[in-house]
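Me: I would like a close look at one part of this protein. Please take me through the salt bridges, and keep it brisk.

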Amino acid sequence: RRVACAYRSTRAMFRMGAMSASSKVLLRRSLAGSSSAPRRAAAARRAVVVSANGANSVDASRGSAYDCECCPPGSPFLFRLPNTRFASVSTRSAASSSPSVLASAVPSDVPSAAEELVDYLNNSWTSFHATAESARMLTEAGFTRLSERDEWALKPGGRYFFTRNMSSIVAFAVGEKYEPGNGFNIIGAHTDSPCPKLKPVSAVKKGGFLGVGVQTYGGGLWHTWFDRDLSVAGRVLLRRGKNKGRTSHELVRVARPIIRIPTLAIHLDRNVNTEGFKLNTETHLAPLLSTAIKGELEAETSGGKAEEDEKKKEKKKPAHHPLLLAVLAEELDCDPGEIVDFELEVCDTQPSVIGGAAREFIYSGRLDNLASSFCALKALLDAGGGGSLANETGVRMIALFDNEEVGSDSTAGAGGTGVARPP
């Protein structure tokens, strides 16, 4: 195999003119006069080394290089061939025998749009956060926020957006040459993704552990949620004392991992590798919050006066673990007793990143459909050259709906009245 490898390598160098004339003559004579395969291989190796050190060796300015794929790293048969496939990447070489072995290929730059997408994903753990992030980007670009409760006074050249349920958003820009009857250019996407959502009564206590009851939302690959560092995020309904009893909606995201869905040790599930894992979403998909003893102690030390008063009034089983409410209260800077209700999702704390040896992939959850949401948003902001509407005769619009994963038939979904009223 090494003889064939050296032979192919030297033929390649002949074709590219990478070998000097004296090296070619030496190689031909050595191969012709060698009666054994090892001698022919040694002759080919000597010719390669002479060429690599000679005056007619491959010019480094021709770009990056790649190594022979037939030999293992560090083999004396390895040498560098010109390669235009990696012309846009910089290379690093590991310390090895001459010529050096290509250790890694790193691109000189990453597209700014890819970095912006990663930031968008990291700020959009839930449909509520995706809507809030989209609204922030639109506001910074000069869009005016509208309310569905008010009467709108739209003008040509104007940029507007509105949200519904804090989980869907519609944005549009009216062309300066728009006339009634002209068309709309609309891009549709959705802000929600498959995930486990906390049940209305989430408190679960079993086997000495405090768990969180969840229900599946959408068509997810539920086995991928096991053995991950998980947390919660979403919307919380508060009745703060400083607001004189008025309720308000606030977003929350617990960045640190607080729950986990563990798998059984192989000792307790011997047949899992042969028969497969038969997932039951009701019994297996049960995130653990803490041990029962630790959870109760932490809840007692972190509970506020409002919680104590509530316990005196009602001795019934709480809908949610006090420890979970204490964690949420810490994030929201409020008393646990001020939390009226919430709509929370289980989220993976592992951040979205740009990955791959050549930095060509995006490793992330929620790509369905936040990638499309981001692209639609960027298209609206950048269309016409920086969002110019001078020559636009129609209306540019994006509609990022909620609840697509469960049929879209909701007030915030595509089946609602956010964009068009049903006939």
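Reply: What follows walks through the salt bridges one pair at a time, then turns to a pocket. Keep in mind that the model is predicted.

Start with the count. The whole structure holds 13 salt bridges. Among them are three pairs worth a close look.

Take R164 and E148. Their side chains form a salt bridge, with N and O 2.6 Å apart. The two residues are 16 residues apart, and the pair links distant parts of the chain. R164 belongs to strand β6, which covers residues 159–164. E148 sits in the loop between β5 (144–145) and β6. How exposed is each partner? R164 has 15% relative accessibility, so R164 counts as buried. The cut-off for buried is under 20%. E148 has a relative accessible area of 41%, so E148 is partly exposed.

Next come D348 and R228. This salt bridge has its closest N and O atoms 2.8 Å apart. Here 120 residues separate the partners, and again the pair links distant parts of the chain. D348 lies in strand β14, residues 339–348. R228 lies in the loop between β10 (209–217) and β11 (230–239). D348 is buried, because its relative accessibility is 17%. R228 reaches 31%, so R228 is partly exposed.

The next pair is R240 and E250. Their closest N and O atoms are 2.9 Å apart. The partners are ten residues apart. R240 is in the loop between β11 and β12, and E250 is in strand β12 itself, residues 247–253. R240 has a relative accessible area of 7%, so R240 is buried. E250 has 23%, which means E250 is partly exposed.

Salt bridges can also join up. K197, R235, E343 and E345 form a network of them.

Now for the pocket. The second largest pocket has a volume of about 780 Å³. Its lining has 30 residues. The closest to its centre are P262, T283, H284, L285 and A286. Which elements supply the lining? β9 (195–206), β10 and α6 (272–275) each give at least two residues to the second largest pocket. The largest share comes from β10, with six residues. What classes of residue line the second largest pocket? The lining has 16 nonpolar, eight polar and six charged residues.

Look back at the pairs once more. R164 is buried, while its partner E148 is partly exposed. D348 is buried, while R228 is partly exposed. R240 is buried, while E250 is partly exposed.

Terms used. Residues numbered from 1 in each chain as written. Predicted model: local features only at pLDDT ≥ 70, side-chain atom pairs only at ≥ 80, totals over all residues. Heavy atoms only, no water. Salt bridge = Lys/Arg side-chain N within 4 Å of Asp/Glu carboxyl O. Helix = DSSP H or I, 4+ residues; strand = E, 2+ residues; numbered from the N terminus. Buried < 20%, exposed > 50% of the residue type's maximum accessible area, 1.4 Å probe, protein only. 1 Å grid on protein atoms, 1.4 Å probe; cavity = no way out; pocket = protein on both sides within 12 Å on 5 of 7 lines; lining within 4 Å. Points joined across faces, edges and corners; volume = space filled by probe spheres on them. Nonpolar A, V, L, I, M, F, W, Y, C, P; charged D, E, K, R; others polar.
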